[in-house]
Amino acid sequence: MGPRAPDSSVAGRLAALGLDAPDDVARIQRILGDSPTPPDDDDAQERLRLTRRAVRHLLMAACEKQPCAFVIDGIQWADPASLDVLSHVVPWVSEAAMLL
């Protein structure tokens, strides 16, 4: 048999980036609409905190393997929740090989 094809599922791609914390993977899957699991019953503040953490962990994991550049196109149309998550990630940029 030849080499196995990489796992193209969201969870597989996150694992390939080094993000393997189950809570973070589940949160990213929900953000991307790739989870049959309904959203958590946590309150809005807790959901926002967990989303911020999951996105930060995802970006930091990607940058541990190699330097990364993230381009945000159309930020002028971003919704408040996306801007909030982005503003939470920005202070961490200096701790990673990341260009945002």
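A helix here is a DSSP run of H or I with at least four residues, and helices are numbered from the N terminus. With that in hand, let's work through some exercises on this predicted model.

**Exercise 1. Find which helices supply at least two residues each to the lining of the largest pocket, and describe that lining.**

Step 1. Begin with the space itself: the largest pocket has a volume of about 230 Å³. Its lining is made up of 15 residues, and those closest to the pocket centre are Val55, Ile72, Ser82, Leu86 and Leu100.

Step 2. Now look for the helices. Both α3 (44-65) and α4 (80-89) supply at least two residues of the lining. The biggest share comes from α4, with five residues.

Step 3. Sort the lining by class. You should get twelve nonpolar residues, two polar ones and one charged one.

**Exercise 2. Work out how many helices and strands the chain has, and in what order its elements run.**

Step 1. Count the elements: there are four helices and two strands.

Step 2. Walk along the chain from the N terminus, and the order reads α-α-α-β-α-β.

Step 3. Add two whole-chain figures to your picture. Of the 100 residues, 26% count as buried. Among contacts with a separation of 6 or more, 62% join residues 24 or more positions apart.

**Exercise 3. Decide whether valine 25 is buried or exposed, and find its surroundings.**

Step 1. Locate the residue: valine 25 belongs to helix α2, residues 22-31.

Step 2. Check its accessibility. Valine 25 has a relative accessible area of 12%, so it is buried, since the cut-off for buried is under 20%.

Step 3. List its contacts. Apart from neighbours within four places in sequence, valine 25 touches Ala11, Leu14, Leu19 and Asp20.

Step 4. Widen the view to the helix. The buried residues of α2 are Asp24, Val25, Arg27, Ile28 and Gln29, and their cover includes α1 (10-17) and α3. In general, an α-helix has 3.6 residues a turn, so residues three or four places apart point the same way.

Step 5. Try one distance. Valine 25 and valine 55 are 30 residues apart in sequence, while their C-alpha atoms are 9.7 Å apart in space.

**Exercise 4. Explain why glycine 33 is classed as exposed.**

Step 1. Glycine 33 lies in the loop between α2 and α3. It follows α2 and has a positive phi, near 70°.

Step 2. Read its accessibility: glycine 33 is exposed because its relative accessible area is 65%, and exposed means over 50%.

Step 3. For a distance, take glycine 33 and valine 10. They are 23 residues apart along the chain, with 10.0 Å between their C-alpha atoms.

**Exercise 5. Classify arginine 49 and aspartate 84 by accessibility, and relate each to a residue elsewhere in the chain.**

Step 1. Place them: arginine 49 is in helix α3, and aspartate 84 is in helix α4.

Step 2. Classify them. Arginine 49 has a relative accessible area of 40%, so it is partly exposed. Aspartate 84, with 22%, is also partly exposed.

Step 3. Find the partners in space. The C-alpha atoms of arginine 49 and histidine 88 are separated by 9.6 Å, across 39 residues of chain. For aspartate 84 and arginine 52, the C-alpha distance is 8.2 Å, and they are 32 residues apart in sequence.

Step 4. Finish with contacts: beyond neighbours within four places in sequence, aspartate 84 is in contact with Leu48 and Arg52.

**Exercise 6. Search for aromatic pairs, then find the ring that the charged end of arginine 56 sits over.**

Step 1. Search the whole structure for aromatic pairs, and you will find zero.

Step 2. Turn to arginine 56. Its charged end sits over the ring of tryptophan 92, 4.3 Å from the ring centre.

Notes. Residues are numbered from 1 along each chain as its sequence is written. This is a predicted model: local features need pLDDT of at least 70, side-chain atom pairs count only at pLDDT 80 or more; totals for chains, interfaces and linings use all residues. Side-chain values use heavy atoms; hydrogens and water are left out. Rings of Phe, Tyr and Trp (its six-membered ring) pair if their centres lie within 6.5 Å; planes under 30 degrees apart count as stacked, over 60 as edge-to-face and the rest as tilted. A charge sits over a ring if NZ of Lys or CZ of Arg is within 6 Å of the ring centre and within 35 degrees of the ring normal. On a 1 Å grid over the protein atoms alone, a cavity is a set of points where a 1.4 Å probe fits but cannot get out, and a pocket is an open set with protein on both sides within 12 Å along at least five of seven lines; lining residues have an atom within 4 Å of a point. Grid points are joined across faces, edges and corners, and a volume is the space filled by probe spheres set on the points. Ala, Val, Leu, Ile, Met, Phe, Trp, Tyr, Cys and Pro count as nonpolar, Asp, Glu, Lys and Arg as charged, and the others, Gly among them, as polar. Buried means under 20% relative accessible area, exposed over 50%, partly exposed in between (1.4 Å probe, protein chains only). Contact means heavy atoms within 4.5 Å.
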